[in-house]
Amino acid sequence: MTGYKVANGNGTTNGTNGSTNGNKSAEYIAQENPTMCSRDCCSGPGGSRKGNTCTDKKGAKAGSLNTEKIIPTPQSLLGNGKILCEITPEELRALRVLNEDTYPYEVIEEIADFITKGSGMRPKIGIICGSGLGSLADIIQDPKIFEYEKIPNFPVSTVEGHAGRLVVGTLEGATVMAMQGRFHFYEGYPLAKCSMPVRVMKLCGVEYLFATNAAGGINPRFAVGDIMLMHDHVNMLGFAGNSPLQGPNDPRFGPRFPALVNSYNKDLINKAIEIGKAMGIESNIHVGVYSCLGGPNYETIAELKALRMMGVDAVGMSTVHEVITARHCDMKVFAFSLITNKCATEYSDKKDEEANHDEVMAVAKNRQKACCELVARLIREIHSASA
Ligand SMILES: O=P(O)(O)O[C@@H]1C[C@H](O)[C@@H](CO)O1
């Protein structure tokens, strides 16, 4: 095979003829090597890293293990437009999707088909569970569960408090699908990939997006455990030239230049305020502006001061790109932040004023009952109004 050949186990570097080459530390090689395929399993020292399960070494002679390390290059995999290793067209397509920032309509359609056929449902309401709020999906009845890693072309969750499962079922009579685990920009995913599941929801039949998050309270009136109903956002990643809608626009999802005023459905906000009153938690319910930063670090005092001056009430690391994607494809949006920590806007040496993810998770756990009730009651209202 072809590839990029580097130092072998002796610390020496081999040229194409296998001899030591003092001038180069590594060089491009083009040769047939019957003992290795070009996949990970054979690229480690001594051949297979995954328990010698490789089946591509048909020509290998017993005892002829090659200790040279071959790092595949694009050129080594593609020769005259032909794939030189054994890879099926489906695997090749999956690799392409994995490497692209945006998902073609057809791939999203396939994922949606996989979910609607697998669950036998066309959900009407989509829920995205924020950090520590996975219990929003636990109250779904007759759940059909899809692990992210088993959904074709789906990313995987890497953050604690985000289980990585899609739960489809019914809640208060309505058909719902919930993401127990979202994708964040700081995990290394481009924004279009972070919010791709919203488009999957759309093609599954979802009309309403419920997006939830854990957030730091910047508004001094907010207390830990309060719920802020989002009525607007400041898209800091957008200020920096980043958008989930970047790249070619597919009009089957929505227009090139969508308007975002009135993104957060006023009827749903008003209904949620009424529900908060009925639950006896009206003093813990606020309406405000959320801003998403890239993370994963929490904000500096100067950043928090600046956000406050801009009119931001709560800060987090998600949701905005999901809302943009949902509005682009004309979904109705309801979103709230659970205030898991108060953000300091004055300098202090107090360690307990520093945000940390354990605290975020603990507060979310404590408040999950109230969050679940709010969501369930609002879904009941939507469902009964449409019945
Ligand atoms: O997924 P959300 O926005 O709820 O998670 C927040 C933001 C970070 O992922 C994490 C920080 O503690 O919680």
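1. A residue is counted as near the ligand if one of its heavy atoms lies within 4 Å of it. On that basis, in this predicted model, the ligand is surrounded by 13 residues. The closest of them are H184, Y186, Y298, S318 and H357.

2. The composition of this shell is mixed: five of its residues are nonpolar, seven are polar and one is charged. Two elements of secondary structure, strand β10 (208-217) and helix α12 (357-386), each contribute at least two residues to the shell. As to location, the ligand sits in the largest pocket.

3. Several polar approaches to the ligand deserve the reader's attention. The side chain of H357 places an N or O atom 2.7 Å from an oxygen atom of the ligand; H357 is also listed among the closest residues of the shell. At A214 the partner is a polar backbone atom, which lies 2.8 Å from a ligand oxygen. For R182 the separation is 2.9 Å, between an oxygen atom of the ligand and an N or O atom in the R182 side chain. Taken alone, the ligand would expose 340 Å², of which the protein buries 96%.

4. Next come the charged pairs of the protein. Side chains of opposite charge can pair when their charged atoms come close. With a cut-off of 4 Å between a side-chain nitrogen of Lys or Arg and a carboxyl oxygen of Asp or Glu, the count comes to nine salt bridges. One of these links D250 with R252, with an N to O distance of 3.0 Å.

5. A further salt bridge joins K277 to E274, where the closest N and O atoms are 3.4 Å apart. How far apart are K277 and E274 along helix α9? Both belong to this helix (residues 266-278), and because they are three residues apart in it, about one helical turn separates them.

6. Two features of the backbone merit inspection. The peptide bond between G295 and P296 is cis, with omega at about 0°. P296 is placed in the loop that runs between strand β12 (285-292) and helix α10 (301-309).

7. The other backbone feature concerns D142, which has a positive phi of about 45° although it is not a glycine. This residue lies in strand β7, which spans residues 141-147.

Key:
Residues are numbered from 1 along each chain as its sequence is written. This is a predicted model: local features need pLDDT of at least 70, side-chain atom pairs count only at pLDDT 80 or more; totals for chains, interfaces and linings use all residues. Side-chain values use heavy atoms; hydrogens and water are left out. A polar contact is a pair of N or O atoms within 3.5 Å; within protein, one must be able to donate a hydrogen and the other to accept it, and residues adjacent in sequence count only if both atoms are side-chain atoms. Accessible areas come from the Shrake-Rupley method with a 1.4 Å probe; for residues, only the protein chains shown count as cover. On a 1 Å grid over the protein atoms alone, a cavity is a set of points where a 1.4 Å probe fits but cannot get out, and a pocket is an open set with protein on both sides within 12 Å along at least five of seven lines; lining residues have an atom within 4 Å of a point. A molecule sits in a cavity or pocket if more than half of its atoms lie within 2 Å of its grid points. Helices (H or I, at least four residues) and strands (E, at least two) are DSSP runs, numbered from the N terminus. Ala, Val, Leu, Ile, Met, Phe, Trp, Tyr, Cys and Pro count as nonpolar, Asp, Glu, Lys and Arg as charged, and the others, Gly among them, as polar.
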